[in-house]
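The exercises below are to be worked with the sequence and the coordinates at hand. Each task is followed by a stepwise solution.

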Amino acid sequence: MLWFAAPGRQRGLRGLASFKLLWCLCLLALTSLPQRIWAPPYKIGVVGPWTCDPLFSKALPEVAARLAIERINKDPSFDLGYSFEYVILNEDCQASRALSSFISHHQMASGFIGPANPGYCEAASLLGNSWDKGIFSWACVNYELDNKNSHPTFSRTLPSPIRVLVTVMKYFQWAHAGVISSDEDIWVHTAHRVASALRSRGLPVGVVLTTGQDSQSIQKALQRIRQADRILIIIMCMHSTLIGGETQTHLLEWAHDLKMTDGTYVFVPYDALLYSLPYKHTPYQVLRNNPKLREAYDAVLTITVESQEKTFYQAFMEAAARGEIPEKLESDQVSPLFGTIYNSIYFIAQAMNNAMKENGRASAASLVQHSRNMQFYGFNQLIRTDSNGNGISEYVILDTNWKEWELHSTYTVDVETELLRFRETPIHFPGGRPPQADAKCWFAEGKICQGGIDPAFAVMVCLALLIALLSINGFAYFIRRRINKIQLIKGPNRILLTLEDVTFINPHFGSKRGSRVSVSFQITSEVQSGRYPRLSFSSGSLTPAIYENSNIAIYEGDWVWLKKFPSGDFGDIKSIKSSASDMFEMMKDLRHENINPLVGFFYDSGMFAIVTEFCSRRSLEDILTNQDVKLDWMFKSSLLLDLIKGMKYLHHREFAHGRLKSRNCVVDGRFVLKVTDYGFNDILEMLRLSQEEPSAEELLWMAPELLRAPRGSRLRSFAGDVYSFAIIMQEVMVRGTPFCMMDLPAKEIIERLKKPPPVYRPVVPPEHAPPECLQLMKQCWAEAAEQRPTFDEIFNQFKTFNKGKKTNIIDSMLRMLEQYSNNLEDLIRERTEELEIEKQKTEKLLTQMLPPSVAESLKKGCTVEPEGFDLVTLYFSDIVGFTTISAMSEPIEVVDLLNDLYTLFDAIIGSHDVYKVETIGDAYMVASGLPKRNGMRHAAEIANMSLDILSSVGTFKMRHMPEVPVRIRIGLHSGPVAAGVVGLTMPRYCLFGDTVNTASRMESTGLPYRIHVSHSTVTILRTLSEGYEVELRGRTELKGKGTEETFWLVGKKGFTKPLPVPPPVGKDGQVGHGLQPVEIAAFQRRKAEKQLVRNKP
């Protein structure tokens, strides 16, 4: 440019002025070019204690950064206008010196990943804001950084560890925490920031301690934790023992010696929150070689980032096999923090890509803003952020027991919803149960569990109020007690009944409510066993009976049922009255639609019995075994919902049943199920009555933990009732007895229930109930009692199964009739719309199979007559070497190849006036000029389509053989054809005539990556004068046609798409129609390498 701008000195001042003007114009032109072209590379500084801490250095930041940068720069999905570079920046292990060195890195990077030391995260964020450089950290736990107004250039590349911790603590209700760290400065600062963040959420952190590796400091720290108030969870801020952390190893061993790993505390390693710790089929030798540590690790819950399709070690070995990582590195010698560094660099690249696409610039604040709503697959896990830029990747809780040295997943931590999802493997807590939960108010927003009031003063005030209340209530209670004792056997609300109050009925005869309708009942020997009788109607009359042989009586005009207690010494009425009046009164007060109400207690002539209302439909067991009663799922769900509501009411009243069975659920005349027989065990204990040991059949409803307990048949628990409900669900679903499908005697079933593993439960086929109900049943009979849902939770789930609808039989029928009457017109319109939609779908499918004109004729019921076309152009193509490719591929891979290729072709022909006739194997046939005639344009449309298809094939890659090119041959010919619909089953639109054969011969005699054109088609193309470029091939032998002069279509004027270069033609004028030996060898070599990596241990 200079010699052109300044031709010589002799031009003097005029020449110099012209030179300066032209130079300025050149500079102006350069500066006006798009900024992306001249953008410098974006250099990422990876900050961390890579030299002063040997365990951090095992993360191999240099290798991780280089791998991420290489993949980003090669990734075609990134259209940044930037290239990326990296620089490893060492951070001192002392926070003060680390901040000083960070300031010196100002000019060395465009953005930073780090710092790793939370001690100066806030200062680094403020410096980054001043420098307009982004700070993307995976380790900064400081809760102050969540304020985007104060820290606009800061972002976390992982979910906040505190958010994950609090989610887990909230689920288990562990509020009181202690934090202990190793004596390295980075972990000391981490511990204090973790404690500060937990306290900012209102959680009590009892102690924040530091310990070295020596036994004295570890013992001292653990003793302080034991002395602290109500600590349940201990957060260990130090390197995990599973990746070589010696301090944590010594700490857990000493905790085991001090009996602190017996289930009193839960230990959580903090550093595992910062990476994805492998656990699938990954044994840890440190646990295998150290039995004491293995036993202590039973008290540890490891919370780590969830891996997706493969573990960190698998992803690392795959990268090494591809040559992206030096093979001399062993994956088990690399810290999983490697993946976190890799993901952080990809995080910046994704934010950069979003920012550049939106506004073409990427300032530090813009990068942070565009890190929202991201989702990408990192090194071996899915990275996600929400609309605020907060990480929402999933975590997993890992656990082990003292017998194994592998970790197992127990819960998934859903950070987005802040909930835990159970993963079928329960946590093995030492001692069999988790630490005692704290009060729920610690995790309730707007509630304060402990204020600033002096505890002693608060206790004194509470005691004074308590004494005053006790004095008032004591006097009221004394008066009420005296009144209740009088009302127990006297007055209209009396509880104790005698022979003067009831009239026993002969079990064989009687009618309810007097004898307005004279009916008798035949009642089987079940009366004597205490079960509801099976009744059959016949004419008769009401006949008195005696109490020894009847369980049915009339009380105040209503039928009642008596549940008799075993014979025993009950004493006199006064003694029973004084010891049992509270229990009697509590049971009398139970009133609910689904609780069979207690009428009273019969006590006379040495017999004691519970008196309840008589239900005419008998027990649920009787209904299920009576095959004459037809039960659909609505009927069954109605009965189950009644049972749920009844048990929910009992549990709300803090009343566990203890004897829940299908025979203790009775059904009245309106088919409303009611729970009965509640309180029976309590009365037995209160009266100190002996009872025969129940049979094995009677114990099939009892929870396993109660079966194992001594005198378990008399114990009751809320979780045990939930288990019994699950067994009743099985009865209702299959209409059979408990465990009826197991084909084992009851005694052997009980033994298997008592002694798992394996856990022994009924097997219900999926066709008997909706899958949601089956899943609920399995939750209810979980082996661990604490994992079973409450009846409140069961009720809420069951309502969702029925979409909130009532399931009472009568109410449901009336509601359905009313709704049907009111919405009949809407129903008809809805069905009409659905019919129209289905009709449109059918018509669309038909037009895809046949030409629109032909499809329209068929829809009208008309016969489609064959039609002749004077001149059309046909296209044939096939895949060169398809037989060889098929022989080297799996059948499903061949299907995927043809589907991918012909999907590409189908997309191309949509922009041309052509009709796809059919595909047979690898052959693809297209026509133009039919069924809709287009004059002489048919040759041009086929030629244009052929060029587009050939151009697209040049870049097409097979999924399973990307290194092997897909070459096609194309043949074109023009002439007359006849067309018509052939067949009644799966009708096809077919073409007939010599033109079809000639076009096929043009394809079969063609060459790879070439369009073979007949003389007739070339003549039409030249007539159109649209600039088609053809080359004479010469005379070609066509089978059955002799020799004809044919041509190659090589391009068109104005067609700018690249065409693949055809293989060279040999001396004989031909090329092989198969794959090249070099291509076959390359594929076989790649296949062998994959097999070798797969078989590598």
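**Exercise 1.** In which loop does Phe671 lie? Describe its backbone and its exposure as well.

Solution. The model is predicted, and local features need pLDDT of at least 70, side-chain atom pairs count only at pLDDT 80 or more, while totals for chains, interfaces and linings use all residues. Residues are numbered from 1 along each chain as its sequence is written, and side-chain values use heavy atoms, with hydrogens and water left out.

Step 1. Phe671 lies in the loop between β24 (665-667) and β25 (673-675). Helices (H or I, at least four residues) and strands (E, at least two) are DSSP runs, numbered from the N terminus.

Step 2. Most residues other than glycine have a negative phi, and most peptide bonds are trans. Phe671 is not a glycine, yet its phi is positive, about 60°.

Step 3. With 21% relative accessibility, Phe671 counts as partly exposed. The classes are buried (under 20% relative accessible area), exposed (over 50%) and partly exposed in between, with a 1.4 Å probe and protein chains only.

Step 4. Tyr1009 also has a positive phi, near 60°. Its place is the loop between α34 (994-1004) and β31 (1010-1013), and at 9% relative accessibility Tyr1009 counts as buried.

**Exercise 2.** Locate the cis peptide bonds that precede Pro115 and Pro757.

Solution. Step 1. Gly114 and Pro115 are joined by a cis bond with omega of about 0°; Pro115 belongs to the loop between β3 and α7 (121-131).

Step 2. From Pro756 to Pro757 the bond is cis, with omega near -5°. Pro757 is in the loop between α25 (746-754) and α26 (771-780).

**Exercise 3.** Find the pairing partners of strand β1 (residues 42-48).

Solution. Step 1. Strands pair if DSSP finds at least two bridges between them. β1 and β2 (residues 84-90) are parallel over 7 bridges, with Gly48 opposite Asn90.

Step 2. β1 and β3 (residues 111-113) are also parallel, over 3 bridges; there, Gly45 has Phe112 as its bridge partner.

Step 3. Of the 7 residues of β1, 6 are buried.

**Exercise 4.** Classify the ring pairs of Phe172 with Trp174 and with Tyr411.

Solution. Step 1. Rings of Phe, Tyr and Trp (its six-membered ring) pair if their centres lie within 6.5 Å; planes under 30 degrees apart are stacked, over 60 edge-to-face, and the rest tilted. The whole structure holds 40 aromatic pairs.

Step 2. The centres of Phe172 and Trp174 are 4.5 Å apart and the planes are at 10°, so this pair is stacked. Phe172 is buried at 12% relative accessibility, and Trp174 is buried at 1%.

Step 3. Phe172 and Tyr411 are edge-to-face, with 5.8 Å between centres and 85° between planes. Phe172 is in helix α8 (residues 161-172) and Tyr411 in strand β14 (residues 408-414), so the pair ties together parts 239 residues apart in sequence.

**Exercise 5.** Characterise the packing of helix α5 (residues 61-74) and helix α15 (residues 337-359).

Solution. Step 1. The axes come within 9 Å and cross at roughly 35°. Axes are lines fitted to C-alpha atoms, for helices over the stretch in contact, and angles run from 0 to 180 degrees between N-to-C directions.

Step 2. Contact means heavy atoms within 4.5 Å. Residues in contact include Leu67 and Ile72 of α5, and Phe338 and Tyr342 of α15.
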